[in-house]
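Subject: A structure to look through, with notes

Dear colleague,

Here is the structure I promised to pass on to you. Please open it beside this message, and then follow the notes below at your own pace.

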Amino acid sequence: MQSIKGGRQPMQARAAVMSERHGRWTIDTLEVAEPGPQEVLVRVVASGICQTDVHARDGFFPIPCPAVSGHEGAGVVEQVGSAVTTLTPGDHVLMANPSCGACAECRAGYETYCSNASRLKQSGYRADGTSLSFRRGTEPISGSFFPQSSCASSTLATARKTIRVPDEGPLDILAAFPCGVNTGASAVLNVLKPQPGDSYVAFGTGTVGCAGLLAAKLAGGDPIIAVDVFDERLALARSLGATHTVNATDPQLVDAVRRLAGGRGARGCLEAAGVPAALRAAVEVLAPRGTACLVGSAGAGVEVSLEMRTLPQGRSVRGCIQGESDVQTFLPRLIALYRAGTLPIERLVRHYPHAAINDAVADMLAGTPLKAVLQIGTA
Ligand SMILES: [Zn+2]
Ligand SMILES: [Zn+2]
């Protein structure tokens, strides 16, 4: 790996470093490179943690170790690259998932399906493919995860996926938005598009499922039925706007949901659990012409079976990444809803000190809280 180059005294950052696969994160001091022409240096205030960071630790996203992960960064721009015209130092920002902007999918307006996304998310290198964001002494450290590595007190991000947000923030709540909240809310508002009075079912009520549920409520969905295996999550879902809840272990799950959805079934379902039985049930509870949308992630080789007679009545089964959202316009729209009090994302968030990242991940894997957010700095 090529080492960091640059003329100035190296910027230092405190970062959660993942030294080895399946290991623990340790907080260490790293040197941060200068921003390239299209990059910004961001002083990170907070970072959400999600399953993807665990996938990085465990090799599902094979960023080489040692590495800094984190892909829901919120902070303040410190320095901008020579070609950056959209941001200035002092801007409060969120850092979102990458895309190249040049491939066929990007040109067609579907940047969440960018052909170059995998390399940009997980190679460990910056967009030029050879240089790094961090080093520890002489040791190269992989960064540029999604491509921001936001579990560091200062980091580099690409300007085109760094989104200016209101100075009022608060950044330690907005850190939940770039991945989890965006995925659930966008899958509902941009893909399923429920109309007032449409029946909606949330399979899985973690951050993504609850964000989708809140979006369905905003769109006028009714009834809104939440399905999960955890009763405490179902209680939260009801308090967020679910009109009905059903425990996923109910042997009559499909019949119960169809009955609650008015007998003909649901117009839209969001499968945010990543569980084959949940996707099968999401298809079986659909009304004619209804759509089941998969956003839950599953590992390679996981299969689902469907009864073929469930599909001919115009039912659709599809998936999406990040709700196909254009984050430069959609995240500000969500933030406006949050600030107006109609998207109470703060109810999903629990804060942890930066150094407690291992506790945050352990709690997240145990199902509480819905969204762990590390407090890394101050605005
Ligand atoms: Zn692309
Ligand atoms: Zn994520």
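Two residues are said here to be in contact when they have heavy atoms within 4.5 Å of each other. Please also keep in mind that this is a predicted model.

With that meaning of contact in hand, you could begin at helix H8, which covers residues 253-260 and in which Leu 253, Val 254, Ala 256, Val 257 and Arg 258 are buried. Against which elements do the buried residues of H8 pack? Their partners are strand E11 (200-203), strand E12 (224-228), strand E13 (244-247), strand E15 (286-294) and helix H9 (276-284). Just after H8 you will come to Gly 262, which takes a positive phi of about 85°.

The next thing to look at is the pair of zinc sites. The zinc ion written as ligand 1 has four protein donors, namely the SG atoms of Cys 100, Cys 103, Cys 106 and Cys 114, which lie 2.3 to 2.4 Å from the ion. Along the chain these donors follow the spacing C-x2-C-x2-C-x7-C. The site of this zinc ion (ligand 1) is tetrahedral, with angles of 102 to 120° among its four donor atoms; for orientation, the ideal angle for four tetrahedral donors is 109.5 degrees. Cys 106 counts as buried because its relative accessibility is 6%, whereas Cys 100, at 26%, counts as partly exposed.

For the zinc ion written as ligand 2, the protein donors are Cys 50 (SG), His 71 (NE2) and Cys 179 (SG), at 2.1 to 2.2 Å from the ion. Their spacing in sequence is C-x20-H-x107-C. Distant parts of the chain are linked here, since His 71 sits in the loop between strand E4 (67-68) and strand E5 (73-80), while Cys 179 belongs to helix H5 (residues 177-192), 108 residues apart. Are these two donors buried or exposed? His 71 is buried, at 0% relative accessibility, and Cys 179 is buried as well, with a relative accessible area of 9%.

Helix H5 returns when you turn to the nonpolar interior. The largest nonpolar core has 53 residues, and within it Phe 177 and Ile 345 touch the most other members. H5 supplies the largest share of this core, with eight residues. If neighbours within four places in sequence are left aside, Ile 345 is in contact with Ala 176, Phe 177, Val 181, Leu 214 and Tyr 338. There is also a second, separate core of 43 residues, which includes Ala 16, Ile 49, Ala 157 and Val 361.

Finally, please look at the open sheet of five strands, whose order is E4-E1-E2-E7-E8 and whose pairing is antiparallel. Strands E4 and E8 (139-141) stand at its edges with a single partner strand each, so one side of each is left without a neighbour in the sheet. Further in, strand E2 (residues 25-32) and strand E7 (residues 134-136) pair in the antiparallel sense over two bridges, and Val 32 has Phe 134 in E7 as its bridge partner. Strand E2 also holds Glu 31, which is buried because its relative accessible area of 19% falls under the 20% cut-off. The side chain of Glu 31 makes a polar contact, at 2.6 Å, with the side chain of Arg 135.

With best wishes

Conventions
Residues numbered from 1 in each chain as written. Chains lettered and ligands numbered in written order. Predicted model: local features only at pLDDT ≥ 70, side-chain atom pairs only at ≥ 80, totals over all residues. Heavy atoms only, no water. Donors = N, O, S within 2.8 Å, 3.2 Å for Na, K, Ca; no water. Helix = DSSP H or I, 4+ residues; strand = E, 2+ residues; numbered from the N terminus. Buried < 20%, exposed > 50% of the residue type's maximum accessible area, 1.4 Å probe, protein only. Tetrahedral: all angles 85-135°; square planar, octahedral: opposite > 155°, others 65-115°. Core = buried A, V, L, I, M, F, W, Y, C linked by side-chain atoms within 4.5 Å. Pairing = 2+ DSSP bridges. Polar contact = N/O pair within 3.5 Å; in protein donor to acceptor, adjacent residues only side chain to side chain.
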